[in-house]
Amino acid sequence: MNVDVVVAGAGPTGLMLAGELALAGVRVLVLERREASQRDSRALSLHPRSVELMDLRGIAEGFLARGRPVPGWHFAGLPTGLNFAGLDSPHPYSLFLAQSHTEELLAERAAELGVRPRRGHAVTGLRQDADGVAVEVRGPDGDYLVRAGFVVGCDGGRSVVRQAGGIGFPGSDSTFSAMLADFAVVGPEAVRRAGEHGVLAAPLGDGVTRFVLPDAERMRVPVSEPVSEAEFLAALRRATGSTLGVAEPRWLSRFGNATRLADRYRNGRVLVAGDAAHIHFPAAGQGLNVGLQDAMNLGWKLAAEVKGWAPAGLLDSYHVERHPVGQQVVDNTMAQTLLLELMLMPEYRRPVGALRAMLDELLGIEEVNVRLAGRVSALDTRYGAAADPLVGARMPDVVVGAGRRVYELVRDGRFVLLDFAGDGEVAGWADRVRGVRVRADGPVRSEGPVPGEHPVPGGHPALAGVRAVLVRPDGHVAWVSREETGGGRAESGAGWEGALREWAGAPAAVVG
Ligand SMILES: Cc1cc2nc3c(=O)[nH]c(=O)nc-3n(C[C@H](O)[C@H](O)[C@H](O)COP(=O)(O)OP(=O)(O)OC[C@H]3O[C@@H](n4cnc5c(N)ncnc54)[C@H](O)[C@@H]3O)c2cc1C
């Protein structure tokens with residue numbers, strides 16, 4: 001077998017996963033049905049955790065150079081937006097960047113690591129057995145089989161891999177649709193005027209502006225029906241009283257509220273990620289982001305399995321950790337969609353208008369805003385329910401000596417054991433774990449802000465009294481050891497050696 005993993009689909013999820021697998025030295029083949037890369041802009045926002053993921057791999061610069069940061073994003077189209085600016089992140093903003101650019105940048109990254117999608121080759125079926133999986137492919141020259149250890153369906157909402165792999169996709173079909181249009185020409189003040197009438201409008205860069213419009217007259221039109229320019233302009237006029245000087249549409253599309261979640265993310269040697277695992281209305285712009293985060297969670301675990309060092313249950317933890325996140329996104333998008341849909345129905349307009357006004361007022365309360373912003377930004381994603389609040393959460397990006405940020409230490413995709421007490425030893429795990437001795441004594445303290453980075457003056461509150469932290473390759477915290485106030489030591493689970501065995505498997509000498 002000269003392929004370890006077949007990734008079906010070179011959308012954002014598949015490209016991200018391919019990069020993660022290649023970084024870990026896994027032989028990966030990406031099969032993509034389309035001949036050419038996607039040109040439609042589609043998703044336009046990379047939320048804070050997604051930008052952090054790029055930072056964790058040292059590739060954020062390319063995204064920041066092409067995108068445009070905005071301080072937050074909307075929730076259910078309510079007038080008071082989610083404010084990301086106050087969140088504890090080196091990237092407390094949403095980055096506006098058309099999906100086509102995100103895909104280009106991820107494809108470049110995968111190519112640098114030696115992976116180029118085989119385009120024009122569609123997965124048509126699969127069979128798995130105890131030793132591997134046979135993936136059926138239709139290419140330009142006919143049908144063929146690829147044998148691999150695993151196959152991951154990153155092949156979108158209609159995933160063939162999911163269906164052929166026996167993974168259910170319960171949920172509901174679309175009952176409500178909205179339209180979007182990207183215009184190259186817009187009148188003066190068009191964005192502001194659209195906003196005043198509840199129409200979402202956002203400049204995409206490249207001189208193009210995105211308008212998103214749910215419309216009472218057209219909201220039951222099936223998503224399969226194309227949007228015409230005349231239809232969109234008529235709806236825009238109904239919503240705002242004018243066409244806002246828009247012209248030269250670059251892309252017109254209709255999208256709906258079909259909502260489904262895979263019943264399991266893994267069935268033996270078959271896994272699903274991204275839209276193949278969850279579909280929902282694109283409320284608050286979360287779909288692409290969740291897909292990237294699935295890929296980041298899965299990549300190192302699958303690599304561990306392929307490389308033979310995965311501790312028992314590690315690969316299954318992909319479902320355990322990511323399925324609840326998918327459920328949460330499905331739930332919050334359903335709630336948001338209902339708030340939009342009912343407003344368009346005359347019989348509900350008044351009560352739902354009152355409900356929206358109430359929610360809008362609540363969003364003005366900082367704690368409420370921070371709670372929802374944490375959820376949509378994915379900064380509050382925490383795996384498991386360990387007693388220590390840091391365990392399972394994302395590692396904050398603190399500066400740990402010599403002006404180095406923790407996020408810079410994870411770039412090669414290994415675990416990082418941050419050792420503030422000087423007693424950790426990672427020699428047997430050096431291929432999987434990087435040991436970083438921060439200082440010989442005392443609690444974590446920031447060395448002060450790095451120019452252009454998020455300052456953490458005086459140390460991060462979540463790290464008070466920390467003696468050691470094991471950071472996973474995806475930037476989440478696996479294990480923590482803290483000084484207790486009484487002078488003792490509190491550890492989540494066994495000591496550092498136990499934590500390394502639990503998460504990074506047996507040390508090399510034992511594996512050998
Ligand atoms: C109008 C609209 C606006 C959106 N706005 C946002 C937003 O602002 N923010 C956000 O985060 N998300 C948004 N989304 C959602 C986002 O576009 C998707 O969640 C994202 O594209 C999912 O990425 P993916 O890689 O999982 O799947 P896809 O992008 O669907 O990629 C799947 C890939 O697999 C390929 N493929 C399919 N079948 C096969 C096969 N059998 N064999 C091989 N290849 C195959 C496809 O050609 C495709 O390239 C929006 C979606 C829509 C429709």
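Me: At roughly what angle do the axes of helix 1 and helix 8 cross?
Reply: This is a predicted model, in which local features need pLDDT of at least 70, side-chain atom pairs count only at pLDDT 80 or more, and totals for chains, interfaces and linings use all residues. Residues are numbered from 1 along each chain as its sequence is written, and side-chain values use heavy atoms, leaving out hydrogens and water. Helices (H or I, at least four residues) and strands (E, at least two) are DSSP runs numbered from the N terminus, while axes are lines fitted to C-alpha atoms, for helices over the stretch in contact, with angles from 0 to 180 degrees between N-to-C directions. The axes of helix 1 (residues 12-23) and helix 8 (residues 287-307) come within 8 Å, and their crossing angle is roughly 25°.

Me: Are helix 1 and helix 8 roughly parallel or roughly antiparallel?
Reply: Angles under 35 degrees count as roughly parallel, over 145 as roughly antiparallel, 65 to 115 as roughly perpendicular, and the rest as oblique. The axes cross at roughly 25°. Helix 1 and helix 8 are therefore roughly parallel.

Me: How many residues in the contact of helix 1 with helix 8 are nonpolar?
Reply: Contact means heavy atoms within 4.5 Å, and among the residues that meet are Met16 and Leu17 in helix 1 and Leu292 and Ala295 in helix 8. Ala, Val, Leu, Ile, Met, Phe, Trp, Tyr, Cys and Pro count as nonpolar, Asp, Glu, Lys and Arg as charged, and the others, Gly among them, as polar. Three residues of this contact are polar, one is charged, and the number of nonpolar ones is eleven.

Me: Which strands stand at the edges of the open sheet with the order 9-10-11?
Reply: This sheet has three strands with antiparallel pairing; two strands pair if DSSP finds at least two bridges between them. Strand 9 and strand 10 (residues 133-139) pair over six bridges, and Val123 stands opposite Val137 in strand 10. Each edge strand has a single partner strand, so one side is left without a neighbour in the sheet; the edges are strand 9 (122-128) and strand 11 (142-148).

Me: In the sheet of six strands, which residue of strand 20 is the bridge partner of Val151?
Reply: The order of this open sheet is 8-2-1-12-20-19, and its pairing is mixed. Strand 12 (residues 150-153) and strand 20 (residues 270-272) run parallel and are joined by three bridges. The partner of Val151 in strand 20 is Val270.
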